[in-house]
Amino acid sequence: MNSVNIIGRLVKDPDIKHTSEGLAICDIRIAIDDVRSKEDRADFVNVTVFGTQAGLCEKYLRKGFVTGVSGHIRSDSYTDSAGVKRYPVKLVAENVQFLQWPDREEAPQAQSAGVELAEAV
């Protein structure tokens, strides 16, 4: 089973690209506070969102917003400029929940576009 659920804050604004076929691909980075640690630390997760959800992430998410993501882990491999083989891991989003909004008037527009809304607890 390959299933992951996270909630955290965006480290930076979303970065969106489009394939030559027009598919939107949005990369976000989420910081997850480590509540079990006695130190003040966080884990950082790279997330990739595809399609309609990618466009909505670009439109509604900003650095610092609380976001929930459900998806699966994918690993890649490449050789860096020093000749070292690297194996980065990222979360491929299947569902993104916007848990914080800059302006509550934007929420109904996103909801009608199929975005899941939730209040941060």
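Modeller: Before we start, rings of Phe, Tyr and Trp (its six-membered ring) pair here if their centres lie within 6.5 Å. Also, this is a predicted model.

Biologist: Good to know. How many aromatic pairs does a search of the whole structure find?

Modeller: The partners are tyrosine 60 and phenylalanine 98, with ring centres 6.2 Å apart. That falls inside the 6.5 Å limit. The count from the whole structure is 1 aromatic pair.

Biologist: And is that pair of tyrosine 60 and phenylalanine 98 stacked, edge-to-face or tilted?

Modeller: Stacked needs planes under 30 degrees apart, and edge-to-face needs over 60. For tyrosine 60 and phenylalanine 98 the angle between the planes is 45°. With 45° between its planes, the pair is tilted.

Biologist: Which elements does the pair link, and how many residues apart are its members?

Modeller: Tyrosine 60 belongs to helix α1 (residues 51-60), while phenylalanine 98 belongs to strand β8 (residues 89-98). Both residues are buried. The pair links distant parts of the chain, helix α1 and strand β8, and its members are 38 residues apart.

Biologist: Now the cysteines. Why is cysteine 26 not bonded to cysteine 57?

Modeller: Burial doesn't tell the two apart: cysteine 26 has a relative accessible area of 0%, and cysteine 57 is buried at 0% too. A disulfide needs the sulfur atoms within 2.5 Å. The search of the whole structure comes back with 0 disulfides. Cysteine 57 holds the closest cysteine sulfur to that of cysteine 26, but this is too far for a bond, at 5.2 Å.

Biologist: Is threonine 67 buried or exposed?

Modeller: Threonine 67 sits in strand β5 (residues 66-75). Beyond its neighbours within four places in sequence, threonine 67 is in contact with residues including Ile6, Leu10, Leu61, Val96 and Leu99. Its relative accessible area is 0%, so threonine 67 is buried.

Biologist: On to charges. Which residue forms a salt bridge with arginine 41?

Modeller: Side chains of opposite charge can pair when their charged atoms come close. Arginine 41 is partly exposed at 35% relative accessibility, and its partner is partly exposed at 22%. The closest N and O atoms are 2.8 Å apart, and the partner is aspartate 34.

Biologist: In the salt bridge between aspartate 80 and arginine 86, which residue counts as buried?

Modeller: The closest N and O atoms of the two are 3.0 Å apart. Arginine 86 counts as partly exposed at 40%. The cut-off for buried is under 20%. At 19%, the buried residue is aspartate 80.

Biologist: Which residues are linked with Lys17 in a network of salt bridges?

Modeller: Lysine 17 and aspartate 15 meet through their side chains at 3.5 Å, N to O. Lysine 17 is partly exposed at 45%, and aspartate 15 is partly exposed at 34%. The residues linked with Lys17 in the network are Asp15 and Asp27.

Biologist: Last one, on strands. Which strand does β4 pair with in the parallel sense?

Modeller: Strand β3 (residues 24-33) is joined to strand β4 (residues 42-50) by 9 bridges, but those two run antiparallel. One bridge there takes aspartate 33 to alanine 42 in β4. Elsewhere, valine 47 has leucine 91 as its bridge partner in β8. The parallel pairing spans 2 bridges, and the partner of β4 is β8.

Note on methods
Residues numbered from 1 in each chain as written. Predicted model: local features only at pLDDT ≥ 70, side-chain atom pairs only at ≥ 80, totals over all residues. Heavy atoms only, no water. Helix = DSSP H or I, 4+ residues; strand = E, 2+ residues; numbered from the N terminus. Buried < 20%, exposed > 50% of the residue type's maximum accessible area, 1.4 Å probe, protein only. Contact = heavy atoms within 4.5 Å. Salt bridge = Lys/Arg side-chain N within 4 Å of Asp/Glu carboxyl O. Pairing = 2+ DSSP bridges.
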